[in-house]
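Please open the structure in your viewer and keep the selection tool at hand. The tour below moves from one selection to the next and says what is found at each stop.

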Amino acid sequence: AVIKMPSSPLLGLLNTFSIFGLRPPVQLSLPLMPSAPDRLGEQHLRPPSHSLSLQMAARRFAACSTSGDVDLRCFVAASYEFAQLLEAFGPWTESSLKDARRNLLRIEEGTRRHGVKSMQALLRREASEGSSKSGDLAEAMMWARIQLKFWVEVFDQHVTEPSSLPDELMRGFDKSLAAYFFGGVRVAFSFAAKRAPDWDRLPCARSLAASKTALSGELRRFVSAVRPLLRRMHSIQSSLNLEDPRTPLSAYS
């Protein structure tokens, strides 16, 4: 059976609005995703470790892509660590990281349920079994990828056309998330992005990089290391007909 992505996932809307703590103007009787177990909350919501860095995060993500596939356990672990790093950017990232972790938890549960870590194998197995959760799992993978792509695009904007962080967040949104939503979401996002401080006013500014030049170098290396992983993940979902049809063909070229 072929499982296609929902054309307008409410989960995606929630993820997008929540990047800066906004919520869509709808009331749902049931949560879109289950809450993370307490043990995972304690494990993945702890304060960032001093050992975390953009360089280390880039290495973690680069190690996830192997032999035409993606190691999902590696990806989940790398994403949790990256989320800890982003927490140091300030409380304005908190809501988006909660939603990102929920997506990661769904992926983690899928790998545990089937006992496989291969992205291709996991999606094929759930699709072949006709599992009612296979569409949810593919959606979680897609949004985990798009959320990571958002930050890759933000970092790339600082490297190629540096301005203020709020402006770079907006341009990162245009290159990653905008294609999936109507224009009103962009307006709301633009308003919310203005709440973010500039790079030199981030709480972690001194530990992130020693200078503006060093920061650009760290961000450039992160982008170069992570883009191939994003392309691989997109390629796998597309090959299994599990990609959202709104994803631009040029987005991962």
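Which residue lies over the face of Tyr252? Select Tyr252 together with Lys149, and you will find that Lys149 is the residue over the ring face, at 4.8 Å from the ring centre. Please keep in mind throughout that this is a predicted model.

**Along helix H7**

Next, select residues 134–160, which make up helix H7, and look within this helix for Asp156. Asp156 has a relative accessibility of 19%, and because buried means under 20%, this residue counts as buried. If you set aside the neighbours within four places in sequence, the residues in contact with Asp156 are Glu161, Val223 and Arg227, so it is useful to display these side chains together with Asp156.

Stay in helix H7 and select Trp151 and Phe155, which are separated by about one helical turn because they are four residues apart in this helix. Both Trp151 and Phe155 are buried.

**The loop between H4 and H5**

Now move to the loop that runs between helix H4 (72–87) and helix H5 (94–114), and select Gly90, which lies there. Gly90 counts as buried, with a relative accessibility of 7%. Add Ala196 to the selection: Gly90 and Ala196 are 106 residues apart in sequence, while their C-alpha atoms are 8.5 Å apart in space.

**Aromatic pairs**

For the next stop, turn to the rings, since the structure holds 18 aromatic pairs. One of them is formed by Phe89 and Trp199, an edge-to-face pair with 6.1 Å from centre to centre and 75° between the planes. This pair links distant parts of the chain, for Phe89 is in the loop between H4 and H5, whereas Trp199, 110 residues away, is in the loop between helix H9 (183–193) and helix H10 (205–208). Phe89 counts as buried at 1% relative accessibility, and Trp199 likewise counts as buried, at 6%.

With this pair still on display, return to Trp151 and Phe155, whose ring centres are 6.1 Å apart and whose planes stand at 50°, so that this pair is described as tilted.

**The ring cluster**

As a last selection, show the rings of Phe61, Phe75, Phe82, Phe89, Trp92, Phe150, Trp151, Phe155, Phe173, Phe189, Trp199 and Phe222, which ring pairs link into a cluster. Among its members are the residues of the two pairs visited above, namely Phe89, Trp199, Trp151 and Phe155.

Notes. Residues numbered from 1 in each chain as written. Predicted model: local features only at pLDDT ≥ 70, side-chain atom pairs only at ≥ 80, totals over all residues. Heavy atoms only, no water. Helix = DSSP H or I, 4+ residues; strand = E, 2+ residues; numbered from the N terminus. Buried < 20%, exposed > 50% of the residue type's maximum accessible area, 1.4 Å probe, protein only. Contact = heavy atoms within 4.5 Å. Phe/Tyr/Trp six-rings, centres within 6.5 Å; stacked < 30°, edge-to-face > 60°. Lys NZ or Arg CZ within 6 Å of the ring centre and 35° of its normal.
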